[in-house]
Amino acid sequence: DKYNYSITITHYNSPASYLHAKKIPERDDIQIIVVDDASTEENKKKISKLSHRNLELIFTPENHGAGYERN
């Protein structure tokens with residue numbers, strides 16, 4: 001496996017600065033998955049500007065809640 005750790009963060013209209021504050025180390029063995037739960041277009045644009053070495057952004061078309069998004 002490429003990653004030893006995968007960190008999933010669910011997101012719904014929270015400020016992008018909140019995600020920047022997570023202080024997740026940029027290491028080759030850590031994958032960051034941000035799942036956006038149908039936020040507003042403005043928030044989606046802000047989230048799209050996030051950068052991290054192993055970041056994957058997933059945008060869902062409908063709001064289902066954090067539990068659904070984690071699965």
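Leaving aside its neighbours within four places in sequence, with which residues is Asp36 in contact? The tour begins with the setting of this residue and returns to the answer once the sheet is on display. The model is predicted.

**The sheet**

Select residues 5-11, 30-36 and 55-59, which are strands S1, S2 and S3. Together the three strands form an open sheet in the order S1-S2-S3, and their pairing is parallel. Strands S1 and S3 are the edges, each pairing on one side only. From one strand to the next, the twist averages 20 degrees.

Next, display the pairing on each side of S2. Seven bridges join S1 and S2 in the parallel sense; within this pair, Ile9 is found opposite Val34 of S2. On the other pairing, S2 and S3 run parallel and are joined by five bridges. Two positions can be labelled here: Ile32 is opposite Leu55 in S3, and Val35 has Ile58 as its bridge partner in S3.

**Strand S2 and its two faces**

Keep S2 selected and colour its residues by accessibility. Seven of its seven residues are buried, so the strand is largely enclosed by the rest of the structure. Which residues lie on each side of S2? One side carries Ile30, Ile32, Val34 and Asp36, while the other carries Gln31, Ile33 and Val35; both faces are covered.

**The nonpolar core**

Select Ile9, Ile24, Ile30, Ile32, Val34, Ile47 and Leu50. These seven residues constitute the largest nonpolar core. Strand S2 supplies the largest share of this core, with three residues. Now centre the view on Ile24, a member of the core. Beyond residues up to four places away in sequence, Ile24 touches Ile7, Ile9, Ile30, Ile32 and His52.

**Asp36**

Move to Asp36, in strand S2. Sequence neighbours within four places aside, its contacts are His11, Lys44, Ile58, Phe59 and Thr60. Although Asp36 is buried, it has no salt bridge. The nearest side chain of opposite charge belongs to Lys44, at 4.9 Å, whereas a salt bridge requires a separation within 4 Å.

Where, then, does Lys44 find a salt-bridge partner? Its side chain meets that of Glu41, with an N to O distance of 3.5 Å. Both residues belong to helix H2 and are three residues apart, about one turn of the helix. Glu41 is exposed, with a relative accessible area of 53%.

**Phe59**

From Asp36, step to its contact Phe59, which lies in strand S3. Is Phe59 buried or partly exposed? Its relative accessibility is 35%, so Phe59 counts as partly exposed. Apart from residues up to four places away in sequence, Phe59 touches Asp36, Lys44, Ile47 and Ser48. A further distance may be drawn from Phe59 to Glu69: the two are 10 residues apart in sequence, and their C-alpha atoms are 9.9 Å apart in space.

**Ala38, in the loop after S2**

Select Ala38, in the loop between S2 and H2. Its phi is near 60 degrees, a positive value in a residue other than glycine. Most residues other than glycine have a negative phi.

**The remaining salt-bridge stops**

A search of the whole structure finds four salt bridges, among them the pair of Lys44 and Glu41 already visited. Another stop in helix H2 is Glu42 with Lys46, whose closest N and O atoms are 3.3 Å apart. These two residues are four residues apart, about one turn of the helix. Glu42 is exposed at 53% relative accessible area, and Lys46 is partly exposed at 40%.

Finally, select Asp28 and Arg53. Their salt bridge has closest N and O atoms 3.0 Å apart. The pair links distant parts of the chain, 25 residues apart: Asp28 is in the loop between helix H1 (16-20) and S2, and Arg53 is in the loop between H2 and S3. Asp28 counts as exposed because its relative accessibility is 57%, while Arg53, at 45%, counts as partly exposed.

Key. Residues are numbered from 1 along each chain as its sequence is written. This is a predicted model: local features need pLDDT of at least 70, side-chain atom pairs count only at pLDDT 80 or more; totals for chains, interfaces and linings use all residues. Side-chain values use heavy atoms; hydrogens and water are left out. Buried means under 20% relative accessible area, exposed over 50%, partly exposed in between (1.4 Å probe, protein chains only). Lys and Arg count as positive and Asp and Glu as negative; His and the chain ends are not counted. Contact means heavy atoms within 4.5 Å. Two strands pair if DSSP finds at least two bridges between them. Axes are lines fitted to C-alpha atoms, for helices over the stretch in contact, and angles run from 0 to 180 degrees between N-to-C directions. A nonpolar core is a set of buried Ala, Val, Leu, Ile, Met, Phe, Trp, Tyr and Cys residues joined through side-chain atoms within 4.5 Å.
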